[in-house]
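Let's take a walk through this structure together. Have the sequence and the 3D view ready, and follow along at your own pace.

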2 protein chains.
Amino acid sequence: MKANRRGEVVDAAERILEREGSGAVTMRRLAEELRIQAPSLYKHIAGKTEIEAALQQRALERLGAVLAGASGDLATLAAAYRRWALEHPRLYELSARHSLDRRGLAPGVEAAAAEPLLKVTGGNIAAARAIWGLAHGLVDLELANRFPPDADLDAAWAHAIRAFAIYCTPQPESDPAQARAL
Amino acid sequence: MKANRRGEVVDAAERILEREGSGAVTMRRLAEELRIQAPSLYKHIAGKTEIEAALQQRALERLGAVLAGASGDLATLAAAYRRWALEHPRLYELSARHSLDRRGLAPGVEAAAAEPLLKVTGGNIAAARAIWGLAHGLVDLELANRFPPDADLDAAWAHAIRAFAIYCTPQPESDPAQARAL
DNA sequence: ACCTGAACACCGTTCAAGT
DNA sequence: ACCTGAACACCGTTCAAGT
């Protein structure tokens, strides 16, 4: 029933990442988790970089699916983005802070993640990028604990959403879900 | 003329960071730069974490000074933020992605960096946080190469600025520069 | 096809000792 | 006050070899 050994390596890496933090994702620690010697990993995956790229890809797929399920308006979409990131903080950071390796990324994954954002802006790609930047920035600063402990972040998100909601009033399906990346 | 040895260590770390990237900032590489053995560093600084905290503090001071000099409107402020980050990408990343060690941070530094943002929103702290998130997010994604190579980021910034400019029209000095952090 | 053991060139950090 | 040498417990990765 096991797909392939490579998949199991990435699964184990994800488990360690979420349970013990990014510092614990080590080829040797990973080998221990799989009850194997570290050099054996290299028969299944090229190296640590490839493991990180695989995890980044997973994160993109899952976040994309969550956003696609968060229907309609900007507030709902933004709340879904924030919730997913806070629920998977290490995976989110891993996926957002590294440059995306577009070779070997299943085609359409990037565009699928972008689609809900494009939809909410009525196909305006500059607006979609601005909203992505806004959501990523607020999440990233929150995950990095950069706000004072008593900061009212719900208020900051509400303000941000109102600013963009006024600006990009949802045109009624002006652009029929063009598949493209942000 | 040399201030103290600790300052020289942090200077060397900054040189290596900007010239060779964050992976090169190593206690051993740092010792080599100072023509010293690695264990000697520990007589001047507690460890690598303290070096990173010192660099983060420097970045905050310098970015704060630049923002304070970028007068008045949101567009100018945003452009200054982006320009500084792109000119010091490694230092910016280091400063933005780690949680801020508020013990041992010179008092007022955090508030000083926040002040220009609070000013542009007329003292609205939720709006200031939203704008910080926006600027950080767009910069962070750009530094991580997450936009497609042909993306028009100037357009995304322009859109973002317009959204917030409409929302938070600059009240004429409603709040006289309250010193507080974001 | 899958795994091992030994090895290489690295890390951060500690500690006893030297001037 | 400032520095060194040896050491410890780690890294990622390669390679010849074994089943």
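A polar contact here is a pair of N or O atoms within 3.5 Å; within protein, one atom must be able to donate a hydrogen and the other to accept it, and residues adjacent in sequence count only if both atoms are side-chain atoms. With that in hand, look at DNA strand C, where a phosphate oxygen is 2.9 Å from a polar backbone atom of B:Met27.

Before going further, a word on the model and its labels. This is a predicted model, in which local features need pLDDT of at least 70 and side-chain atom pairs count only at pLDDT 80 or more, while totals for chains, interfaces and linings use all residues. Residues are numbered from 1 along each chain as its sequence is written, chains are lettered from A and ligands numbered from 1 in the order in which they are written, and side-chain values use heavy atoms, with hydrogens and water left out.

Let's stay with DNA strand C. There are 15 residues around this strand, and A:Gln37, A:Ser40, A:His44, B:Arg28 and B:Tyr42 come nearest; a residue is near a molecule or strand if one of its heavy atoms lies within 4 Å of it. Of the atoms of DNA strand C that come within 4 Å of the protein, sugar and phosphate account for 50%. Besides B:Met27, the backbone of B:Lys48 offers a polar atom 3.1 Å from a phosphate oxygen of this strand. From chain A, a polar side-chain atom of A:Ser40 lies 3.2 Å from a phosphate oxygen of DNA strand C.

Now turn to DNA strand D. Here A:Arg28, A:Tyr42, B:Gln37, B:Ser40 and B:His44 come nearest among the 15 residues around the strand. Sugar and phosphate make up 51% of the atoms of DNA strand D that come within 4 Å of the protein. Three side chains can be followed to phosphate oxygens of DNA strand D: an N or O atom of A:Tyr42 is 2.8 Å away, a polar atom of B:Arg5 lies at 2.9 Å, and an N or O atom of B:His44 is at 3.3 Å. By class, the surface near this strand has five nonpolar, five polar and five charged residues. In this count, Ala, Val, Leu, Ile, Met, Phe, Trp, Tyr, Cys and Pro are nonpolar, Asp, Glu, Lys and Arg are charged, and the others, Gly among them, are polar.

How are the two protein chains related? A rotation of 180 degrees with 0.0 Å of shift along its axis superposes chain A on chain B, with an RMSD of 0.0 Å; the fit is by least squares on the C-alpha atoms of residues with pLDDT of at least 70 in both copies. That is the relation of a two-fold axis. The same surface serves both copies, as 100% of the contact residues of chain A recur in chain B; contact means heavy atoms within 4.5 Å.

Finally, zoom in on helix 7 of chain A, residues 125-143, which holds A:Leu141. Helices (H or I, at least four residues) are DSSP runs, numbered from the N terminus. A:Leu141 is buried, with a relative accessible area of 1%; buried means under 20% relative accessible area, taken with a 1.4 Å probe on the protein chains only. Leaving out residues up to four places away in sequence, A:Leu141 touches A:Arg146, A:Phe147, B:Trp132, B:Gly133 and B:His136. In the same helix 7 of chain A sits A:Asp140, which counts as buried at 0% relative accessibility. Its side chain makes a polar contact of 3.5 Å with the side chain of A:Arg97.

Key
Helix = DSSP H or I, 4+ residues; strand = E, 2+ residues; numbered from the N terminus. Buried < 20%, exposed > 50% of the residue type's maximum accessible area, 1.4 Å probe, protein only.
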